[in-house]
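Colleague: Got a minute to go over how the labels on this one were assigned? I'd like to see the reasoning behind them.

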Amino acid sequence: MDPLGSALMERPMPKRGGRIRLELVETDGARATYTVALLLEDETFETQATTGPEVVVGELDGAPEWLVAHVRPLLRQAASRAKDGRWPRRLMRWRAPR
């Protein structure tokens, strides 16, 4: 892992709101599988998701709905950024609570 990437992934937990982190697991060119982590000040929720022509997200039981609602759009954003079968290795976004 590159130093900048590891620094981004090791940021402190948010004191307010939540962070969505996608990390690329594998790709077949047309689709990609990501580990999805929802990071809150005192909790973390993880699952796997596949994106491409369709977005399929695993269970995030107990995660706040206001944060879960941002997962699919971020996965679609990853799909729109994929060029020539090359997918973004990681994406991270902070969201305020609703």
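**Strands, turns and exposure**

Modeller: Sure. Let's begin with the hairpin: β1 and β2 form it with four residues between them, and Gly29 in the turn has a positive phi of about 100°. Keep in mind that this is a predicted model.

Colleague: How do you know that β1 and β2 are paired?

Modeller: Pairing takes at least two bridges. Eight bridges join β1 (residues 18-27) to β2 (residues 32-39), and these strands run antiparallel. So the count meets the cut-off of at least two, and they pair.

Colleague: And what makes β1 and β5 a pair?

Modeller: Six bridges join β1 to β5 (residues 90-95), again antiparallel, so the requirement of at least two bridges is met here as well. Arg19 shows both pairings: Trp94 in β5 stands opposite Arg19, and so does Leu39 in β2.

Colleague: Why is Thr33 called buried?

Modeller: Thr33, which lies in strand β2, has a relative accessible area of 14%. Buried means under 20%, so Thr33 earns the label. Leaving aside neighbours within four places in sequence, Thr33 is in contact with several residues, including Glu23, Val25, Gln48 and Thr50.

Colleague: Why does Gly62 count as exposed, then?

Modeller: Gly62 has 66% relative accessibility, and exposed means over 50%, so the label follows. Gly62 lies in the loop between β4 (56-57) and α2 (65-68).

Colleague: How far is the Gly62 C-alpha from that of Glu43?

Modeller: The two C-alpha atoms are separated by 10.0 Å, with the residues 19 apart along the chain.

How values were computed:
Residues are numbered from 1 along each chain as its sequence is written. This is a predicted model: local features need pLDDT of at least 70, side-chain atom pairs count only at pLDDT 80 or more; totals for chains, interfaces and linings use all residues. Side-chain values use heavy atoms; hydrogens and water are left out. Buried means under 20% relative accessible area, exposed over 50%, partly exposed in between (1.4 Å probe, protein chains only). Contact means heavy atoms within 4.5 Å.
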